[in-house]
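Biologist: I'd like to get the hang of the words people use for a protein model. Can we go through them with one on screen?

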Amino acid sequence: MYHDLLALIENNKIKAGEKLPSEFDLQNKYQASRDTIRKALLLLSQNGYIQKSQGKSSIVLDINRFNFPVSGLTSFKEIASDIKGKVETIVHTCECIEPDEEIKKLVKISCVFGWKKA
C-alpha cells in the first residue's frame with residue numbers, strides 16, 4: 001500500500017495539495033487494518049510526501065519543491081556534502097538583543113549580563 005500510494009504521488013496521479021482518501025476509505029480499498037494504514041501514512045509523512053494532521057485528511061506535499069529533508073534530524077554539514085558546488089554562509093547582520101521577560105522565563109534566566117541593546 002505504501003509503494004502504491006508513493007507511485008501515485010510520484011507519478012502525479014495524486015497532485016500536490018490534494019487530500020489522500022480517508023483512513024476508512026484506504027482500509028476498504030486495500031482491505032487492510034487501520035494499524036497498517038496508519039503505518040503506511042506515517043512512512044509517507046516521514047519521507048516528506050504527505051503532511052498528516054490529526055483528525056483531518058493527509059495532504060500531499062509538493063515533492064519537487066524541496067530537496068531538503070522535512071522530517072528527521074539532519075545536519076547542514078550532511079546535506080552540504082550532497083550538494084554539488086560551493087556552499088557558503090553569508091551573515092547579513094549580527095546583533096545582540098536583550099530577551100524580553102517571556103523569553104527569559106522560557107529559558108529560565110532572570111537577567112542577562114553584558115548584553116547591549118541594539
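Modeller: Let's begin with contacts in this predicted model. Among those in the protein chain between residues at least 6 apart in sequence, 42% join residues at least 24 apart.

Biologist: What makes two residues a contact here?

Modeller: Their heavy atoms have to be within 4.5 Å.

Biologist: And what pattern does the protein chain follow along the sequence?

Modeller: α-α-α-β-β-α-α, with 5 helices and 2 strands.

Biologist: How do you know that the reach of helix H3 fits what is expected?

Modeller: H3 takes in residues 34-46, 13 residues in total. From first C-alpha to last, H3 reaches 18 Å, close to the 18 Å expected at 1.5 Å a residue.

Biologist: Why can we say that the buried residues of H3 line one face of the helix?

Modeller: Seen down the axis of H3, those residues fall within an arc of 95°, so they line one face. They are Ile37, Ala40, Leu41 and Leu44. In general, an α-helix has 3.6 residues a turn, so residues three or four places apart point the same way.

Biologist: What covers the buried residues of H3?

Modeller: The cover includes helix H1, helix H2 and strand S1.

Biologist: Now Leu106, in helix H5. Why is Leu106 called exposed?

Modeller: Exposed means over 50% relative accessible area. Leu106 has 62%, so Leu106 counts as exposed.

Biologist: Which residues make the nonpolar surface patch with Leu106?

Modeller: Ile103, Val107 and Ile109 join Leu106 there, and the patch is about 360 Å².

Note on methods: Residues are numbered from 1 along each chain as its sequence is written. This is a predicted model: local features need pLDDT of at least 70, side-chain atom pairs count only at pLDDT 80 or more; totals for chains, interfaces and linings use all residues. Side-chain values use heavy atoms; hydrogens and water are left out. Patches are made of residues with over 30% relative accessible area and no salt bridge: like charges are joined within 9 Å, nonpolar side chains (Val, Leu, Ile, Met, Phe, Trp, Tyr) within 5 Å. Accessible areas come from the Shrake-Rupley method with a 1.4 Å probe; for residues, only the protein chains shown count as cover. A salt bridge is a side-chain nitrogen of Lys or Arg within 4 Å of a carboxyl oxygen of Asp or Glu. Helices (H or I, at least four residues) and strands (E, at least two) are DSSP runs, numbered from the N terminus. Buried means under 20% relative accessible area, exposed over 50%, partly exposed in between (1.4 Å probe, protein chains only). The expected span of a helix is 1.5 Å times one less than its number of residues. The arc is that of the directions from the helix axis to the C-beta atoms.
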